[in-house]
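Take a look at the model shown here. The report after it goes through the structure piece by piece.

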Amino acid sequence: MAQDDHSSAELVAADSSHPEQPTASPGTAVIVADAFENPGFPAHRPRVTDENPKREKRAQRTIYTLFYLSILGSVWAIAAYMLFPIESNNVGDVRLNNMFIGLGATLALLGIGFGAVHWAKSIMTDVELVDERHPIGGSPETQAAAAKVFADSDRESGFTRRAVIRNSLIGALVAFPLPAVVLFRGLAPQDQNPIELLSHTMWEKGTRLALDPSGVPIKASDVTIGSAFHVIPEGLQDLEHGRLEAKAKAAVLLMRLNPEELNELPERESWSYDGIVAYSKICTHVGCPVALYEQHTHHLLCPCHQSQFDVANHCEVIFGPAARPLPQLPITVDDEGYLVAQSDFTEPVGPSFWERH
Ligand code: FES
């Protein structure tokens with residue numbers, strides 16, 4: 001900040017009780033002398049473990065017992081995952097599974113935490129030190145000092161010397177992340193091949209196309225040129241379990257174009273009905289719902305990362321990060337004029353991971 005050159009008066013230290021304070025120019029910060037003297041360290045009080053070898057031994061036993069308890073907790077968490085599996089959607093199973101795995105993980109964490117604190121407080125060398133600030137640097141002297149600090153820490157903590165404690169702590173730290181590894185198994189469906197499961201949807205030959213979310217079947221005559229419908233398989237709303245998962249794979253967009261504007265692949269000419277086409281609503285980039293249809297250009301837009309698909313050209317990608325066209329659902333009409341699927345999708349829906357699989 002610029003100083004006030006018009007003032008010749010010098011700023012006097014605010015505390016008049018310290019007449020020896022230096023004077024300062026206006027605009028300059030004034031540091032007032034500390035009103036209190038540094039009281040220094042309180043008298044050192046030795047701990048009971050410093051004076052009584054028996055108590056020190058007892059503390060040592062307590063510490064490694066805590067680390068062993070931590071290992072026990074980690075092992076129990078793994079065992080609980082297997083002993084209390086989550087069968088179907090049973091809430092009681094979920095509760096038991098979570099409770100016992102949680103107890104194991106809690107014991108594992110507390111064992112390490114209490115053990116480490118107890119070790120530091122009762123056995124490691126107890127001295128008061130002043131750590132003066134010094135310039136940051138990597139001179140040989142500094143490196144030698146750092147090495148000395150490590151050596152002193154090792155000697156004072158007994159990390160090398162107290163092998164039982166050290167090894168039990170290392171064991172506890174190694175065992176602790178293991179429950180997390182086995183918990184990942186819970187992300188995959190039970191007793192089913194996840195790849196097989198993701199390769200198929202609820203659509204099958206003869207399944208009627210129904211409005212989302214009402215589930216009302218759609219007649220071909222209801223679909224006018226230029227319109228677009230969000231579609232689910234008929235019967236999806238009646239599923240007792242896994243309705244959301246089924247919908248996440250089977251959601252479809254239905255559009256009607258002027259048949260002359262449709263450029264269909266030769267092998268798919270029978271997959272549409274009088275200009276009505278159905279495509280998976282799940283974006284082939286990372287699986288967002290492709291929900292925006294531009295009637296005039298026949299483009300579908302995924303709002304997540306702006307991938308665009310050209311419905312008139314078998315939903316090929318015309319912009320954005322998606323790497324493959326939206327899968328097409330082969331459709332036709334039944335005897336009553338309702339739109340029905342000819343089969344399931346002929347390729348997996350969703351992210352382009354499938355292309356590489
Ligand atoms: S999920 Fe559709 S563009 Fe990324």
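What follows moves from the whole protein to its sheets, its cores, one helix and one loop residue.

**The whole protein**

This is a predicted model. Its average pLDDT is 86, and 88% of the residues score at least 70. One stretch does less well: over residues 1–21, pLDDT stays under 50. The model has 27 contacts beyond four places in sequence for that stretch. Where pLDDT is low, the predicted coordinates should not be read in detail.

The protein has 357 residues, and 24% of them count as buried. Its secondary structure comes to nine helices and ten strands. Take the contacts between residues at least 6 apart in sequence: 58% of these join residues at least 24 apart.

**The sheet of strands 1 to 4**

Four strands make an open sheet in the order 1-2-3-4, and the pairing is antiparallel. Strand 1 and strand 4 are at the edges with a single partner strand each, so one side of each has no neighbour in the sheet. On average, neighbouring strands of this sheet are turned by 45° against each other, direction ignored.

How many bridges hold each pair, and which residues face each other? The table lists the bridge counts and one facing pair for each.

| Strand pair | Bridges | One facing pair |
|---|---|---|
| Strand 1 and strand 2 | Three bridges | A210 and I232 |
| Strand 2 and strand 3 | Four bridges | H230 and L253 |
| Strand 3 and strand 4 | Five bridges | R256 and I276 |

Strand 4 stands at an edge of the sheet. Is strand 4 enclosed or open to the outside? Five of its five residues are buried, so strand 4 is largely enclosed by the rest of the structure. I276, A278 and S280 point one way from the strand, while V277 and Y279 point the other way. Residues on both faces are buried.

**Two nonpolar cores**

In soluble globular proteins, nonpolar side chains tend to be buried together. Here the largest nonpolar core has 38 residues. L209, V231, V252, L254 and A278 touch the most other members. Five elements give two or more residues to this core: strand 1 (209–211), strand 2 (228–233), strand 3 (252–256), strand 4 (276–280) and strand 10 (339–341). The four strands of the sheet described above are thus joined in this list by strand 10.

L254 is a good residue to click on. Leaving out residues up to four places away in sequence, L254 touches L209, V223, A228, F229, V231, I276 and A278. Another core lies apart from the largest one. This other core has 17 residues, among them F67, I101, W119 and I165.

**Helix 3**

Helix 3 covers residues 91–122, which makes 32 residues. From its first C-alpha to its last, helix 3 reaches 45 Å. That is close to the 46 Å expected at 1.5 Å a residue.

Which residues of helix 3 are buried? They are N97, I101, G104, L107, A108, G111, I112, G115 and W119. Look at the spacing in that list. An α-helix has 3.6 residues a turn, so residues three or four places apart point the same way. The cover over the buried residues of helix 3 includes helix 2 (53–83), helix 5 (163–175) and helix 6 (178–183). I101 and W119 are buried residues of helix 3, and both also belong to the core of 17 residues.

**A second open sheet**

Another four strands form an open sheet, in the order 5-6-7-8, with antiparallel pairing. Strand 5 (292–294) and strand 8 (316–319) stand at its edges, each with a single partner strand, so one side of each is left without a neighbour in the sheet. From one strand to the next, the twist averages 30°.

In this sheet, strand 6 (residues 299–301) and strand 7 (residues 308–310) run antiparallel and are joined by three bridges. L301 stands opposite Q308 in strand 7.

**A loop residue**

Finish with R185, in the loop between helix 6 and helix 7 (194–199). Is R185 buried or exposed? R185 is exposed, because 11 other C-beta atoms lie within 10 Å, and a residue counts as exposed at 12 or fewer. R185 and Y81 are 104 residues apart along the chain, yet 9.7 Å separates their C-alpha atoms.

Key. Residues are numbered from 1 along each chain as its sequence is written. This is a predicted model: local features need pLDDT of at least 70, side-chain atom pairs count only at pLDDT 80 or more; totals for chains, interfaces and linings use all residues. The expected span of a helix is 1.5 Å times one less than its number of residues. A residue is buried if 20 or more other C-beta atoms lie within 10 Å of its own, exposed if 12 or fewer, and partly exposed in between; C-beta atoms are placed from the backbone. Two residues are in contact if their C-beta atoms, placed from the backbone, lie within 7 Å. Two strands pair if DSSP finds at least two bridges between them. Axes are lines fitted to C-alpha atoms, for helices over the stretch in contact, and angles run from 0 to 180 degrees between N-to-C directions. A nonpolar core is a set of buried Ala, Val, Leu, Ile, Met, Phe, Trp, Tyr and Cys residues joined through C-beta atoms within 7 Å. pLDDT is the predictor's confidence in each residue, from 0 to 100.
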